[in-house]
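Subject: The structure to look at

Hello,

Here is the structure I promised to pass on to you. Have a look at it first, and then read my notes below.

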Amino acid sequence: MSLRADLAVIAAHVAPGARVLDVGCGEGELMEVLQREKGCDARGMEIDPEAVERCVARGLSVVQGDADRDLTDYPDDAFDCAILSQTLQTAGRPDELLDELLRIGRRAFVSFPNFAYWRMRFSLLAHGRMPVTRHLPVSWYETQNIHHVTVEDFRELLRAKGVTVEKSWFFTSEREIGGTSANWRAEHAVFQLSR
Amino acid sequence: MAGASALDAKSLVLPDPLPLDSGQRLETVRVAYETYGALAEDKGNAILIFHALSGDQHVASVHPITGKPGWWDRMVGPGKPIDTNRFHVVCANVVGGCMGSTGPASEDPDGRPWAMRFPVITIRDMVRAQVALLDALGIAKLHAVVGGSMGGMLALSLAANFPDRARRVLAIATTARHSAQNIAFHEVGRQAVMADPNWREGDYYGAGKGPEKGLAVARMAAHITYLSEAGLTDKFGRRLQDRAAKSFGFDADFQVESYLRHQGIAFSDRFDANAYLYITRAMDYFDLAEEHGGRLADAFAGATARFCLVSFDTDWLYPTAESKHVVHALNAVAAPVSFVELSAPYGHDSFLLECPPLDRVIKGFLE
């Protein structure tokens, strides 16, 4: 099974044997790779009960919960690493969610679609409509992505919070690109963060 | 009341007296149990299932009194989610019960029925007795312990008090403590039993007639708490029972009345009223945090098992918040825990009824 590009880069950079919480773990694809290939102690949180059911059926430890509310259940430093993939833009308060991730995990991986990707900008400029793309495929009124964010917006938030960026990766069409002009060129981004 | 046939069930007398949370002890304890599926040579494939308040050891075998299939027949058996082709399933009647394990209807050391002289027992006492049963059966470590409702309380209690005895703990539609509302409903039931003149302070054994009416009312009240409002409306609505119009009297005009009366009578035909008092008391006393210094997380400090908690969105007896409370405590001690709230229309009883996602969760968790 091949992982989505952002998950693959996260999987490659999580320390072997780490205690990991995957927030918004879906059906547990990343957790399974982390357990099998890196000997991690992986736990998950997922809002969709059917996805949780599939995780449990795969033998994964996943709790049904809402990242906006239920991360408060975890004590400080509960994990070496907290992962939030493609979920930041769905949070009620992404800034508070980021605080929670770095409270329960010493380190965090965060991936999100970049709303400043040039095709988005072009689409908005040319058509005057909210872009519907491969990464953001749903119309504005039914999308779960309620907080669109750009690479620069995210960097600004990290600066304001004093969060350290350890590494960052950028992707377009599932292929890694360099960091130069990432805010234009990247379709989505992955950040490795620490307090 | 339990008939004589229940006493023919598989049972053993524990080799040692049973110490109780009350400070008393039971010198002689018989535990009645059933097993399904073969025990592996290494004895590593055993699953202990704890029954709920009104259940018994006949989880997947015909009930000796009612002649009905076991209470979890749909879940336990060859090729079923708890697959007896793979697992050796043990299910024992709780101490304080009335299906062959020592309880208030059993004889005391003087050869008379214990009745209300039977010591008050707790959930942890029930667990102690079943751990002693496991010892007698030579089962050191369970593949899993599974229970719903009171069975879930027993499973959590086993996990907290005997953390080395199970690799997996599956607790369904349950709670780590009885709430004021839970206690209140049980008290209604107990008072219904005690208000029946045939109860005679519990000394009705051999009197020919026991407090069947009171027990039936207790069961009727309790049964309402096992169902959802939507489930009741769906099943009965305001439909009338075998009549075209209201009788302007107090017969069971409505289907729901007729149903509850039937449930009450059927229950009092098979259950001992004093056992109902003792078991509901044990549930009311249950507060796993209180047993462990007031902090639920401390109850699970030594836990090494994997946990899975399941709640149902229409269960208002032990609602999802109660399961999440347990999950929170398990997270605090970094225990591996899964939790899912399943959607089912039937309220608390959903765990006993048709619910395919529950089948998948149970099967998957036991892998």
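Let me start with chain B, where the centres of domain 1 and domain 2 are 25 Å apart, taken over C-alpha atoms. Please keep in mind that this is a predicted model. In the domain assignment of chain B, domain 1 is made of two stretches, 4-178 and 286-366, while domain 2 covers 183-279. The two domains of chain B do touch: 25 residues of domain 1 are in contact with 20 residues of domain 2. On the domain 1 side of that meeting place, 15 residues are nonpolar, 9 are polar and 1 is charged.

Now for chain A. Its secondary structure consists of 8 helices and 8 strands. The radius of gyration of chain A is 16 Å, close to the 16 Å that the globule rule gives for 195 residues, so chain A is as compact as a globular protein of that length. If you drew a box around its C-alpha atoms along the principal axes, that box would be roughly 50 × 35 × 30 Å. Of the 195 residues in chain A, 44% count as buried. Sequence distance is worth a look too: among contacts in chain A between residues at least 6 apart in sequence, 62% join residues at least 24 apart.

Next, how do the two chains meet? Between them, 16 residues of chain A are in contact with 22 residues of chain B. On the chain A side, the elements that give two or more residues are H3 and E3. Which of chain A's elements gives the largest share of that side? The answer is H3(A), with 5 residues. By class, the chain A side divides into 9 nonpolar, 3 polar and 4 charged residues.

Helix H3(A) deserves a closer look, so find residues 49-57 of chain A. Val52(A), Glu53(A), Arg54(A), Cys55(A) and Val56(A) are the buried residues there. What do the buried residues of H3(A) pack against? Within chain A, their partners are strand E2 (41-46) and strand E3 (61-64). From chain B come strand E11 (306-312), strand E12 (337-342) and helix H11 (356-366). The buried residues of H3(A) therefore pack against elements of both chain A and chain B. Just after this helix, Gly59(A) takes a positive phi of about 85°.

Happy exploring, and do write back with any questions!

Best wishes

Notes
Residues are numbered from 1 along each chain as its sequence is written. Chains are lettered from A and ligands numbered from 1 in the order in which they are written. This is a predicted model: local features need pLDDT of at least 70, side-chain atom pairs count only at pLDDT 80 or more; totals for chains, interfaces and linings use all residues. A residue is buried if 20 or more other C-beta atoms lie within 10 Å of its own, exposed if 12 or fewer, and partly exposed in between; C-beta atoms are placed from the backbone. Helices (H or I, at least four residues) and strands (E, at least two) are DSSP runs, numbered from the N terminus. Two residues are in contact if their C-beta atoms, placed from the backbone, lie within 7 Å. Ala, Val, Leu, Ile, Met, Phe, Trp, Tyr, Cys and Pro count as nonpolar, Asp, Glu, Lys and Arg as charged, and the others, Gly among them, as polar. The radius of gyration is taken over C-alpha atoms; the globule rule is 2.2 Å times the number of residues to the power 0.38. Domain bounds come from an automatic or database domain assignment.
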